[in-house]
Amino acid sequence: MRVTAEIKAGTEGLSRQTRYKVIRFRMGRCINCDQPRDPSPTSPSPYKRLCVTCGTSKKKKKRKERGSKPWKPGSPGRPPLKSQIETRTK
Ligand SMILES: [Zn+2]
């Protein structure tokens, strides 16, 4: 897909790296690796700006940094986004 003036609009004052991220997001691609964010409409990425691979690896890294454990049913906090999507489609 070609980068048009519409996609580039409003990115003039941003840094080079941030401009790439904005353009990739507007083109429906992962801002990290430039792969299609939602490869198929039946399995959309639960992450807003990342593909499933990048989002999962980022989640695992942050979980390790913070010492958090994965969510379990009955524990406090919100359920993970992936299970919300699964229940939404059912
Ligand atoms: Zn990615």
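**Helical organisation and loop contacts of the predicted model**

In the protein chain, residues 24 or more positions apart account for 14% of the contacts with a separation of 6 or more. The model is predicted, and its protein chain averages a pLDDT of 85, with 88% of the residues scoring at least 70. Confidence varies among the elements of the protein chain: the mean is lowest in α4, at 56, and highest in α2, at 94. The protein chain contains 4 helices and 0 strands, and from the N terminus on its elements follow the order α-α-α-α. Burial was assessed over the 90 residues of the protein chain, of which 9% count as buried.

The helix α3 covers residues 52–66. At 1.5 Å a residue, the 15 residues of α3 should span 21 Å, and this agrees with the separation of its end C-alpha atoms, which are 21 Å apart. Burial within α3 was also examined: the number of buried residues among the 15 is 1, so α3 lies largely in the open. Beyond the end of the helix, α3 is followed by G67, a residue with a positive phi near 75 degrees.

The loop between α2 (16–26) and α3 holds D34, and C33 and Q35 are found there as well. C33 is exposed because 12 other C-beta atoms lie within 10 Å, and a residue with 12 or fewer is classed in this way. Leaving aside neighbours within four places in sequence, C33 is in contact with C51 and C54. For the pair C33 and C54, which are 21 residues apart along the chain, the C-alpha atoms are separated by 7.6 Å.

The backbone of D34 has a positive phi, near 65 degrees, in a residue other than glycine. D34 counts as partly exposed, since it has 13 C-beta neighbours inside 10 Å. Q35 is likewise partly exposed, because 14 other C-beta atoms lie within 10 Å. Once neighbours within four places in sequence are set aside, the contacts of Q35 are with R29, C30 and C51. C51 is thus a contact of Q35 and also of C33. The C-alpha atoms of Q35 and C54 are 9.9 Å apart in space, for a pair 19 residues apart in sequence.

A further loop connects α3 (52–66) and α4 (81–89), and W71 is found in this segment. With 13 C-beta neighbours inside 10 Å, W71 counts as partly exposed, because this number falls between the limit of 12 or fewer for an exposed residue and that of 20 or more for a buried one. When its neighbours within four places in sequence are left aside, W71 is in contact with G77, P79 and P80. The loop that holds W71 leads to α4, the element in which confidence is lowest in the protein chain, at a mean of 56.

How values were computed:
Residues are numbered from 1 along each chain as its sequence is written. This is a predicted model: local features need pLDDT of at least 70, side-chain atom pairs count only at pLDDT 80 or more; totals for chains, interfaces and linings use all residues. Helices (H or I, at least four residues) and strands (E, at least two) are DSSP runs, numbered from the N terminus. Two residues are in contact if their C-beta atoms, placed from the backbone, lie within 7 Å. The expected span of a helix is 1.5 Å times one less than its number of residues. pLDDT is the predictor's confidence in each residue, from 0 to 100.
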